[in-house]
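Work through the exercises below with the sequence and the model at hand. Each task is followed by a solution in steps.

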Amino acid sequence: MDKTTEKAPRPNNQTSVFVQRKRTFTLAFLGVAALFVVSAVVTNYEIIGGLESIPKAVIWMAQHFVPNAKAWSRLPYILSKLVETALVSVAVTVCAAICAFFFSLLGTKTTRTAPWIARIVRIIAAFFRNVPDVVWAILLLFSFGQNILTGFFALFFSTFGMLTRTFIETIDEVSASCVEALYATGATSLQTVFNGVIPSSLPEIVSWVLYMIETNIRSSTLIGILTATGIGYLFDLYYKRMDYSSASLVVISIVILVIAIEILSNKIRKVIM
Amino acid sequence: MPILEFKNVSKVYNNITKALTDISFSVYEGEFVSIIGPSGSGKSTILRCINRLVDVTQGSIIFDGHDINKADKKEIRQVRKKAGMIFQHYNLVDRLSVIENVLHGRLGYKSVMSGVIGHYTEEEKEKAFQILAMLGLTEQAYKRCDELSGGQKQRVGIARSLMQEPRLILCDEPIASLDPSSSKIIMDHLSDINETMKITCIANLHQVDVALKYAKRIIGITAGQIVYDGPPEKLTRSKIYEIYQSDEGELITDVK
């Protein structure tokens, strides 16, 4: 850089961007810090005590959460329940995805539906999505009892809500331009959906479905505890019997399954994208 | 009788933005019309009014003897079938093959179900390959569109519109995203289609020199109003400056 005594001109009467950035960061930092302090005070949370208990928890887990011979003998049974849970999750996700796809078409701009229909679709999707799956499970326990259907519908509703919303966004983002061209050829909405929307958004849609399968396998464990079905029930059973070794084997097998599914779906994504 | 007639057409977006104000002009069969004007002056809106991708606020548009503003859903399909459209960003289904994209031009002619399952007759496929051969895309027919270059994609766009057996082709900035050599290929094809197949062409163009070279008639639009309508020879320099509302000597163009 050559040294010039004269300074380059800067915009008049406007706050410098650099000053503004600093101000924003300082405010954001103070805000987060204040939130933490306030919530810690309100809930009587002891920061130091909390941190101190971490090593203790780790030591307790290392002592009790180790599969022993008795636990290993239960492995075939655990695996059968694990497979059952995984298959239910896959079935739920696929069913919900098919319903969500056709429902989301009503909410996208690509089908040129009236704006009020699109708004209703979004509201319904938001309702299903914002009620957590565990709450759905508890509500449905009244109608179906401790049954596998309860878990099925609980996952179905939350997946349906989540996927409807993501499908609407994906479809609008990916296929807007070719949809315009297809309508311009004189194609009907249904023809446009099958010739334009589905081919261009299918990879993204499959990717979202794979992600929901992963999520649902995790969630189904928790829901299984409530509905007394699947791998979640098994974990709950061993845990309440204080058979921590068997419970740990359940946890380990779930973790391995979820990781395996994640690796598999990443492979599938690479192929289809 | 003109093939297309705009009668006092106005378009207002969202009750605020005036896109077109009292536009009237006629286009006759076989004409090659170029619409020029600054960005946002309403060029795209004019084209999209013709095939009812956009509904006009006032006035009437007569295309091929039909008042298209009074058309119901079924009649709109008929109008769109007869008016092919090509786009600046090609608007192809990128993940499908070239030949499938070309065959999309037949959707307006098909029953809903055969369009949905993508069933095309042998004659339609034969016609698609003929059009691709004419545009020099035979070897690309089975390739996916996202493997093509911009110029090739635009030729697929032209093929798709020709598949419609249109009476009119609407070109919305057909060369705005292309390099000069691809641009020339595209414009030569359009001009060839216009002359040999007698298909009327209306093209929105940013490049004044291209418009002057290819079009037989120029319509200049500024802020939603027609400020020039006539042959390219009579389009004077000062008129061009008026269209682009720019001071003399501030335009990038080679016009004498």
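The exercises concern a predicted model and cover backbone angles, a chain interface and a domain contact.

**Exercise 1.** Locate Asn14(B) and decide whether it is buried or exposed.

Solution. Start with the backbone: Asn14(B) is not a glycine, yet its phi is positive, about 50°. Next, place the residue in chain B, where it falls in the loop between β1 (4-13) and β2 (17-27). Finally, count neighbours: Asn14(B) has 5 C-beta neighbours inside 10 Å and therefore counts as exposed, the cut-off for exposed being 12 or fewer.

**Exercise 2.** Do the same for Glu165(B): which loop holds this residue?

Solution. Glu165(B), also a non-glycine residue, has a positive phi of about 50°. The loop in question runs between α6 (150-163) and β7 (168-172) of chain B. Glu165(B) has 16 C-beta neighbours inside 10 Å, so it counts as partly exposed.

**Exercise 3.** Describe the side of chain A that touches chain B.

Solution. The contact pairs 18 residues of chain A with 24 residues of chain B. In chain A, α7 (148-184) and α8 (189-227) each supply at least two residues of that side. By class, the side of chain A that touches chain B holds 9 nonpolar, 8 polar and 1 charged residues.

**Exercise 4.** Which element gives the most to the side of domain 1 of chain B that touches domain 2 of chain B?

Solution. Chain B is assigned domain 1 (1-82 + 167-256) and domain 2 (90-165). Their contact takes 11 residues from domain 1 and 10 residues from domain 2. On the domain 1 side, α2 (73-81) and α7 (180-196) of chain B give two or more residues. Of the elements, α7(B) gives the most, with 4 residues.

Methods: Residues numbered from 1 in each chain as written. Chains lettered and ligands numbered in written order. Predicted model: local features only at pLDDT ≥ 70, side-chain atom pairs only at ≥ 80, totals over all residues. Buried ≥ 20, exposed ≤ 12 C-beta atoms within 10 Å, placed from the backbone. Contact = placed C-beta atoms within 7 Å. Nonpolar A, V, L, I, M, F, W, Y, C, P; charged D, E, K, R; others polar. Domains from an automatic or database assignment.
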